[in-house]
Amino acid sequence: MDGHRRWARQKGLSVEQGHRAGGEKMMVLTHLCSQLGIKVLTLFAFSTENWIRPKEEVGFLMKLFLDTASSQEKLDKWTRNDIRVSCIGDKSILSKPLREALTLLEEKTKSNSGLHVMIALNYSGRHDILQATKRIAKKVNNRLLEVEDIDKNLFEQELETHCIEFPEPDLLIRTSGEQRLSNFMLWQLAYTELYFTNKLFPDMEEADFIEALMSFQPRQRRYGGYITKT
């Protein structure tokens, strides 16, 4: 969800107003995904690299995350739409109030069976792979696992996305003209289709999102093989 700061600069607004506009648009598009019957939506909200941003901006983002996670109004909306919310990423360095709010949000929505929203907060694709490797190595070291037992399925059970039904995204949408993965779900995106748009995220309308979905429909997914013409 890129382009909040550029959107704000173009409109003569503060960076904080840009991030707030992005948060509002996130809620709109989340509701749209629920209406369309999409099963999983993962939102890259904050990466491990984002800590290098100005202290004031990071502080505002953390407050925005806390306000969103603890909002009764948003919880009611997610509940009405049968939306389940989970959080992936290293939560250990987040503030205690934010950790508690996220845990409570996950608990209150865990029984919902509609759209599963994954919020990637303080997330790193490289760290995800590294921590999975360390967990497996520890199990081998403790003789709970043999090296020969390690395969793709076992490895994926140690990734942070193990908690969702469809851990490998069909489509990645990136806004604001950037065309890179930026350390996001590096294992999981192996065969994901990519869609890039120049639209800044706060300007992303429902029609723009539908256009991204429409671009996915005719694509032929080979997964390293080939399609036989009939």
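This tour proceeds through a predicted model, from its strands and nonpolar cores to its empty spaces and an exposed helix residue.

**The strands**

Begin by selecting strand β3, residues 116–123. Eight of the eight residues of β3 are buried, so this strand is largely enclosed by the rest of the structure. Add β1, residues 40–47, to the selection. The pairing of β1 with β3 is parallel and runs over seven bridges. To see one of these positions, pick Leu41, whose bridge partner in β3 is Val117.

Next, display β2, residues 84–88. This strand also pairs with β3 in the parallel sense, here over five bridges. Select Arg84 to find His116 of β3 standing opposite.

**The nonpolar cores**

In soluble globular proteins, nonpolar side chains tend to be buried together. In this model, the largest nonpolar core has 30 residues, and those touching the most other members are Phe46, Met62, Phe65, Leu98, Leu102 and Leu121. Colour the elements that give two or more residues to this core: the helices α2, α3 (55–69), α4 and α5 (96–109), together with the strands β1, β2 and β3.

Centre the view on Leu102 and show its surroundings. Which residues is Leu102 in contact with, once its neighbours within four places in sequence are left aside? They are Ala69, Cys87, Lys91, Leu94 and Leu121. Leu121 is, like Leu102, among the core residues that touch the most other members.

Apart from the largest core lies another, of nine residues. Select Met118, Leu172, Met185 and Leu189, which are among its members.

**The cavity**

Rolling a probe the size of a water molecule over the atoms shows where empty space is left. How many cavities of 30 Å³ or more does a search of the whole structure find? The search finds one, and the volume of this largest cavity is about 30 Å³. Select Met27, Thr30, His31, Lys77, Trp78, Asn81 and Ile83 to display its lining. The elements that give two or more residues to this lining are α2, residues 15–36, and α4, residues 72–80. The greatest contribution comes from α2, with three residues. By class, the lining comprises three nonpolar, three polar and one charged residues.

Remain on helix α2 and select Ser34, which lies in it. Is Ser34 buried or exposed? Ser34 is buried, because its relative accessible area is 19%, under the 20% cut-off. Beyond its neighbours within four places in sequence, Ser34 is in contact with Asn81, Ile83 and Leu115. Asn81 and Ile83 also appear in the lining of the cavity.

**The second largest pocket**

Turn now to the second largest pocket, which holds about 230 Å³ of space. Its lining can be shown by selecting Arg20, Gly23, Glu24, Met26, Met27, Leu64, Asp67, Thr68, Ser71, Glu73, Lys74 and Lys77. Two or more of the lining residues come from each of α2, α3 and α4. Once again α2 gives the most, in this case five residues. The lining has six charged residues, with three nonpolar and three polar ones. Met27 and Lys77 line this pocket and also line the largest cavity.

**An exposed residue**

Finally, select Lys138 in helix α6, residues 125–141. Lys138 is exposed, with a relative accessible area of 57%. Add Glu160, which is 22 residues away along the chain. A distance drawn between the C-alpha atoms of Lys138 and Glu160 should read 17 Å.

Key. Residues numbered from 1 in each chain as written. Predicted model: local features only at pLDDT ≥ 70, side-chain atom pairs only at ≥ 80, totals over all residues. Heavy atoms only, no water. 1 Å grid on protein atoms, 1.4 Å probe; cavity = no way out; pocket = protein on both sides within 12 Å on 5 of 7 lines; lining within 4 Å. Points joined across faces, edges and corners; volume = space filled by probe spheres on them. Helix = DSSP H or I, 4+ residues; strand = E, 2+ residues; numbered from the N terminus. Nonpolar A, V, L, I, M, F, W, Y, C, P; charged D, E, K, R; others polar. Buried < 20%, exposed > 50% of the residue type's maximum accessible area, 1.4 Å probe, protein only. Contact = heavy atoms within 4.5 Å. Core = buried A, V, L, I, M, F, W, Y, C linked by side-chain atoms within 4.5 Å. Pairing = 2+ DSSP bridges.
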